[in-house]
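This report describes selected contacts and backbone features of one protein model. The sequence and the coordinates come before the text.

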Amino acid sequence: MKFRLIKADKEQYDREERPEAQQEILRRAAKDLPVYTRTANGAIRYCDRCQVIKPDRCHHCSACDMCVLKMDHHCPWVNNCVGFSNYKYFMLFLAYSLLYCLFIAATVLQYFIKFWTGDLPDTHAKFHVLFLFFVAAMFFISLLSLFSYHCWLVSKNRSTIEAFRAPVFRNGPDKNGFSLGFTKNLKQVYGDQGKYWLLPIFTSLGDGCSYPTRLVSQDPEQPNSINHTEPAKNNADGQTLPPRPLSESQNRLLGGTDQHWIDEESDEESSQVPNQNAAVSIDEESTKHST
């Protein structure tokens, strides 16, 4: 997927001074890209600094001076941006740190109680014990609140930026636009194999540039959306069939045993056409013999 303008479009974009003309160039360049979010004014999201069309959930970090896929925030503790490529590692970092602080506070608790009851020997070490317990307890409380908040964000499939400012689609802002349900939201960050969830291994699903969204079928300008000029296809039960997701790498997020894609139904219909033609020819031959 090419989110960078080709040379001809880039030169034309730089020559244009009217925002309407520039948006028309960006709209033409993004028509084949899986880009469904817009600016607050409904324009194509374009980064003048990096000179690329921003993929969905991508934002420019002023500290790193680059566009970050699925940017969550810039973390000064790790001196890096937290986004698609390291969000799972950030969550594991919080979980490991939380357990470590809990372990320290639990092991020092007995000495902390002895300090207040006066059973601890009167040495300089007692102040070390007091300091260690308070530091571990304060970090535990801070990390617990931060970890709980990000667990809530994962369950809702939102980033910190999207929690404060809902992503804008063609139909307007929707804070739950990327939510696929609790289980699929977890799999998008941690992967579809639970045995790797607690290990520092990259298992996040997707490519970071495109994300499945429940609002795709409502965007008439995208090639992967439903064409509103054609009637929707139904299965045997009369239920409308969903369109195929953006890419095969996202099938594990959107796929399910109770879903049947439009392409499969089309293949079944095409396979039944020869049988129907054969039946018609047999009827015609039998009619000729009878006459």
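The crossing of helices H3 and H4 is left-handed. In this predicted model, H3 covers residues 87-117 and H4 covers residues 125-156. The two helices pack at an angle of about 150 degrees, and their axes are 7 Å apart. The residues in the contact of H3 with H4 divide into 31 nonpolar, two polar and one charged.

**Salt bridges**

The count of salt bridges comes to five. Three of them are listed here, including the N to O distance of each.

| Basic residue | Acidic residue | N to O distance |
|---|---|---|
| Arg28 | Asp9 | 3.7 Å |
| Lys10 | Asp14 | 2.5 Å |
| Arg49 | Asp65 | 2.9 Å |

The pair of Arg28 and Asp9 links distant parts of the chain. Arg28 belongs to helix H2 (residues 19-29) and Asp9 to helix H1 (residues 7-15), with their positions 19 residues apart in the numbering. Asp9 is buried, at a relative accessible area of 14%, whereas Arg28 is partly exposed, at 37%. The cut-off for buried is under 20% relative accessible area, so the 14% of Asp9 falls on the buried side.

Lys10 and Asp14 both lie in helix H1. They are four residues apart, which is about one turn of the helix. Lys10 is buried, with a relative accessible area of 14%, while its partner Asp14 is partly exposed, with 49%. Exposed requires over 50%, so Asp14 at 49% is classed as partly exposed.

Arg49 and Asp65 meet through their side chains in a salt bridge. Arg49 sits in the loop between strand S2 (46-47) and strand S3 (52-53), and Asp65 sits in the loop between strand S4 (59-61) and strand S5 (66-68), so the pair ties together parts that are 16 residues apart in sequence. Arg49 counts as exposed at 60% relative accessibility. Asp65 is partly exposed, with a relative accessible area of 39%.

**A buried arginine**

Where is Arg38 found? Arg38 is in strand S1, which consists of residues 37-38. Arg38 has a relative accessible area of 7% and is therefore buried. A polar atom of the Arg38 side chain lies 3.4 Å from the backbone oxygen of Val35.

**Aromatic pairs**

How many aromatic pairs does a search of the whole structure find? The search finds ten. One of the pairs is Tyr190 with Trp197: the ring centres are 5.6 Å apart and the planes are at 35 degrees, so the pair is tilted. The tilted class holds plane angles that are neither under 30 degrees nor over 60, and the 35 degrees of this pair belongs there. Tyr190 is buried, with a relative accessible area of 11%. Trp197 is partly exposed, with a relative accessible area of 27%. Elsewhere, ring pairs link Phe112, Phe133 and Phe134 into a cluster.

**Helix H6 and its end**

Tyr190 is also one of the buried residues of helix H6 (residues 182-190). The others in that set are Asn185, Leu186, Gln188 and Val189. Just after H6 comes Gly191, with a positive phi of about 95 degrees.

**Positive phi outside glycine**

Two asparagines are described here for their backbone angle. Asn79 has a phi near 55 degrees, a positive value in a residue other than glycine. Asn79 is placed in the loop between strand S6 (73-75) and strand S7 (80-82). With a relative accessible area of 64%, Asn79 is exposed.

Asn157 likewise has a positive phi, near 55 degrees, in a residue other than glycine. Asn157 is in the loop between H4 and helix H5 (160-164). Is Asn157 buried or exposed? Asn157 counts as buried, because its relative accessibility is 4% and the cut-off for buried is under 20%.

How values were computed. Residues are numbered from 1 along each chain as its sequence is written. This is a predicted model: local features need pLDDT of at least 70, side-chain atom pairs count only at pLDDT 80 or more; totals for chains, interfaces and linings use all residues. Side-chain values use heavy atoms; hydrogens and water are left out. Buried means under 20% relative accessible area, exposed over 50%, partly exposed in between (1.4 Å probe, protein chains only). A polar contact is a pair of N or O atoms within 3.5 Å; within protein, one must be able to donate a hydrogen and the other to accept it, and residues adjacent in sequence count only if both atoms are side-chain atoms. Axes are lines fitted to C-alpha atoms, for helices over the stretch in contact, and angles run from 0 to 180 degrees between N-to-C directions. A crossing is left-handed if the near helix is turned anticlockwise from the far one by less than a right angle, and right-handed if clockwise. Ala, Val, Leu, Ile, Met, Phe, Trp, Tyr, Cys and Pro count as nonpolar, Asp, Glu, Lys and Arg as charged, and the others, Gly among them, as polar. A salt bridge is a side-chain nitrogen of Lys or Arg within 4 Å of a carboxyl oxygen of Asp or Glu. Rings of Phe, Tyr and Trp (its six-membered ring) pair if their centres lie within 6.5 Å; planes under 30 degrees apart count as stacked, over 60 as edge-to-face and the rest as tilted.
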